[in-house]
Amino acid sequence: MAQGRGGAMAAVVLLCLLLSHLEFARAATYTVGGAGGWTFNTAGWPKGKRFKAGDTLVFNYNPSAHNVVAVNKAGYSSCSTPRGTKVYRSGKDQIKLAKGQNYFICNFVGHCQSGMKIAVTAA
């Protein structure tokens with residue numbers, strides 16, 4: 001009888017591992033801004049796209065001219081970088097989306113104000 005429970009437990013663990021693998025397999029990768037990359041006037045880029053938590057956004061840009069900053073709603077609205085915020089500078093940043101609202105800006109002077117920001121909602 002104990003052996004039967006062990007086999008059932010192993011089956012449940014295996015099923016959970018399989019389901020978690022399938023969830024990752026369904027995650028999508030999006031290049032922000034498409035072929036043009038992360039640049040000015042990308043604020044409308046997310047429109048019409050369906051994002052899920054775990055999807056990856058790829059930000060391609062010239063790191064001497066831009067960066068990517070993951071901000072909160074206030075930082076997005078005011079184009080400001082709250083203290084302690086993560087700043088990405090590689091030029092080929094890959095960021096996984098969290099469930100809910102995700103906000104990104106470029107904090108080089110004037111860039112966010114010129115539309116170099118996106119708000120993405122992940123289901």
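Tutor: Two strands are said to pair if DSSP finds at least two bridges between them. The model discussed here is a predicted one.

Student: Which residue in strand 2 stands opposite threonine 29?
Tutor: Strand 1 and strand 2 (residues 56-60) are joined by 3 bridges and run parallel. One facing couple across this pairing is tyrosine 30 with its bridge partner leucine 57. Opposite threonine 29 in strand 2 stands threonine 56.

Student: In what order do the 3 strands of the open sheet lie?
Tutor: Strand 1 (29-31) and strand 5 (92-96) are the edge strands, since each pairs on one side only. The pairing in this open sheet of 3 strands is mixed. Strand 2 runs parallel to strand 1 but antiparallel to strand 5. The order of the strands is 1-2-5.

Student: By what angle are neighbouring strands of this sheet turned against each other on average?
Tutor: The sheet in question is the open one with mixed pairing. With direction ignored, the average turn between its neighbouring strands is 20°.

Student: Which residue in strand 5 stands opposite asparagine 60?
Tutor: Strand 2 is joined to strand 5 by 5 bridges, and the two run antiparallel. Across this pairing, the residue opposite asparagine 60 is lysine 92.

Student: How many of the 5 residues of strand 2 are buried?
Tutor: A residue counts as buried when its relative accessible area is under 20%. Strand 2 is largely enclosed by the rest of the structure, because the number of its 5 residues that are buried is 4.

Student: Which element gives the most residues to the largest nonpolar core?
Tutor: This core has 16 residues, and those with the most contacts inside it are Trp38, Leu57, Phe59, Phe104 and Ile118. Two or more residues come from each of strand 2 and strand 7. The element that gives the most, with 3 residues, is strand 7.

Student: How many residues does the second, separate core have?
Tutor: Among its members are Val69, Val71, Ile105 and Cys112. Valine 69 also stands opposite isoleucine 105 in strand 6. The number of residues in this second core is 8.

Student: How many bridges join strand 6 to strand 7?
Tutor: Strand 6 pairs with strand 3 (residues 68-71) in the antiparallel sense over 3 bridges. Strand 6 also runs antiparallel to strand 7 (residues 117-122), where glutamine 101 stands opposite threonine 121. The number of bridges between strand 6 and strand 7 is 6.

Student: How many residues apart in sequence are the parts tied together by tyrosine 76 and tyrosine 103?
Tutor: The two rings form a tilted aromatic pair, 5.1 Å centre to centre with 40° between the planes. Both tyrosine 76 and tyrosine 103 are buried. Tyrosine 76 lies in helix 2 (residues 73-78) and tyrosine 103 in strand 6 (residues 100-105), so the separation in sequence of the parts that they tie together is 27 residues.

Student: At what distance from the ring centre of tyrosine 76 does lysine 117 lie?
Tutor: Lysine 117 is placed over the face of the tyrosine 76 ring. A similar arrangement has lysine 86 over the face of tyrosine 88, at 4.9 Å from the ring centre. For lysine 117 and tyrosine 76, the distance is 4.4 Å.

Student: Does phenylalanine 40 count as buried, partly exposed or exposed?
Tutor: Phenylalanine 40 lies in the loop between strand 1 and strand 2, and touches residues including His66, His111 and Met116. Buried means under 20% relative accessible area and exposed means over 50%. Because its relative accessibility is 34%, phenylalanine 40 counts as partly exposed.

Student: What distance separates the C-alpha atoms of alanine 70 and cysteine 106?
Tutor: Alanine 70 is located in strand 3 and, at 28% relative accessibility, counts as partly exposed. Among the residues that alanine 70 touches are Thr85, Tyr103 and Phe104. Cysteine 106 is 36 residues from alanine 70 along the chain, and the separation of their C-alpha atoms is 9.0 Å.

Conventions. Residues are numbered from 1 along each chain as its sequence is written. This is a predicted model: local features need pLDDT of at least 70, side-chain atom pairs count only at pLDDT 80 or more; totals for chains, interfaces and linings use all residues. Side-chain values use heavy atoms; hydrogens and water are left out. Axes are lines fitted to C-alpha atoms, for helices over the stretch in contact, and angles run from 0 to 180 degrees between N-to-C directions. Rings of Phe, Tyr and Trp (its six-membered ring) pair if their centres lie within 6.5 Å; planes under 30 degrees apart count as stacked, over 60 as edge-to-face and the rest as tilted. Buried means under 20% relative accessible area, exposed over 50%, partly exposed in between (1.4 Å probe, protein chains only). A charge sits over a ring if NZ of Lys or CZ of Arg is within 6 Å of the ring centre and within 35 degrees of the ring normal. Contact means heavy atoms within 4.5 Å. A nonpolar core is a set of buried Ala, Val, Leu, Ile, Met, Phe, Trp, Tyr and Cys residues joined through side-chain atoms within 4.5 Å. Lists of a residue's contacts leave out its neighbours within four places in sequence.
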